[in-house]
Amino acid sequence: MAQLVNLPPRVQETDLKGLLKQMWLIRYFEEKVDEFFAKGMIHGTTHLAVGQEASAVGSIAVLEGRDKITSTHRGHGHCIAKGAEVNKMMAELFGRTTGYCKGKGGSMHIADVEQGNLGANGIVGGGFSIATGAALTSKMRNEGYVVLCFFGDGASNEGSFHEAVNLASIWKLPVVFICENNQYGMSGPVKEMMNVEDIAQRAEAYGIPGKVVDGNDVFDVMNGVGEAVERARNGEGPSIVEAKTYRWKGHSKSDAKKYRTREEEQEWRAKDPIVRLRDVLVQEGLLTEEEADSIKAEAKKEIEESVEFAKDSPMPTLDDLMEDIYA
């Protein structure tokens, strides 16, 4: 576990209690989504990020307000870390008109452009081109913002990954490609899907930095992504940061995860990113046990309230069907 004394000044100045609350919000949000999907109140499908909270929160914590992100089908945590309102997020998953996309986007297509979230994407690797295009816009207009492009280990085998990284490298675009390597693409382990130990190794082929971080250690994520963001903002081009993490749930709600052992799951659960952050803050005297419990309870309450907000919100009508389809 990274200790606070080793963190750069930008991290020392971060609201670390706020990061802990964000991580709890993500955990409780995902657990509620899991519950209400099973009850048939959330439709379609869902891809939960329980266990991956540190990679989302740590990455986005080093951004400025003007910076942007693109997300994935497993993107609820990215939304919350980028400042999304959990009420509007939950309403979106419940298919209600008060949701971010008026209930039409659902779990895999939440966007909050005002907060710089250019959207989750149901297409594997669908965010690469969007992020690279946004980074090109930033450079051409001299707007100074950086784009974080989140993707999973499986997406690194898509052609769009190589095209986007190559283009970003050639043009030195201000984009950071963040791979949340949760060890499994669908039901296949990473080691059976590619012949490299680290996905970050692929950066070398494009002449850019590649770095591996502990995706369950929010401080290590902040350090690695922070360096890459600083490099991008200084006009030095893109980087690939690979966060090694683990999804506690199946790939989607239809996945019984029979392809992995209980021993493996227990090993990763012992690396719970929320517990690790909480313990360091308490050990460093930045948080008392009582404050930690209060933050946890506050996050749980907000998620409970978001469910009630969603339930009380109206469903779209047939008259809404053809609205918001074209720009």
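**Backbone outliers, nonpolar cores and helix α11**

With a relative accessibility of 45%, K172 is classed as partly exposed, because this value falls between the limits of 20% for buried and 50% for exposed residues. The model is a predicted one, and K172 is placed by it in the loop that joins α7 (159-171) to β3 (175-181). Although K172 is not a glycine, its phi is positive, at about 50°. Most residues other than glycine have a negative phi. A positive phi, near 65°, is also found at D324, again a residue other than glycine. D324 belongs to the segment after α11, and its relative accessible area of 53% makes it exposed, since exposed residues are those over 50%.

The segment after α11 also holds M322, which counts as exposed because its relative accessibility is 61%. On the surface, M322 joins L321, I325 and Y326 in a nonpolar patch, and the accessible area of these residues together is about 530 Å².

Helix α11 itself comprises 24 residues, from 289 to 312, and its geometry can be checked against the expected rise: at 1.5 Å a residue it should span 34 Å, and the end C-alpha atoms are 35 Å apart, so the two values agree. The expected span is obtained by multiplying 1.5 Å by one less than the number of residues. The buried residues of α11 are A292, I295, A299, I303, S306, V307 and A310. Among the elements that cover these buried residues are α2 (16-38), α5 (86-93) and α10 (273-283).

In the interior, the largest nonpolar core consists of 59 residues, within which L148, V176 and V218 have the most contacts. To this core α2 gives the most, contributing 12 residues. When residues up to four places away in sequence are not counted, L148 touches S59, I60, L63, K68, I69 and T70, and also V176, I178, V225 and V229. The residues touched by L148 thus include V176, which is itself one of the residues with the most contacts inside the core. Another core, of 24 residues, lies apart from the largest one, and F161, A164, I199 and A203 are among its members.

Terms used
Residues numbered from 1 in each chain as written. Predicted model: local features only at pLDDT ≥ 70, side-chain atom pairs only at ≥ 80, totals over all residues. Heavy atoms only, no water. Helix = DSSP H or I, 4+ residues; strand = E, 2+ residues; numbered from the N terminus. Buried < 20%, exposed > 50% of the residue type's maximum accessible area, 1.4 Å probe, protein only. Contact = heavy atoms within 4.5 Å. Core = buried A, V, L, I, M, F, W, Y, C linked by side-chain atoms within 4.5 Å. Patch = residues over 30% accessible without salt bridge, like charges linked within 9 Å, V, L, I, M, F, W, Y side chains within 5 Å. Areas by Shrake-Rupley, 256 points an atom, 1.4 Å probe, with all protein chains shown as cover. Salt bridge = Lys/Arg side-chain N within 4 Å of Asp/Glu carboxyl O.
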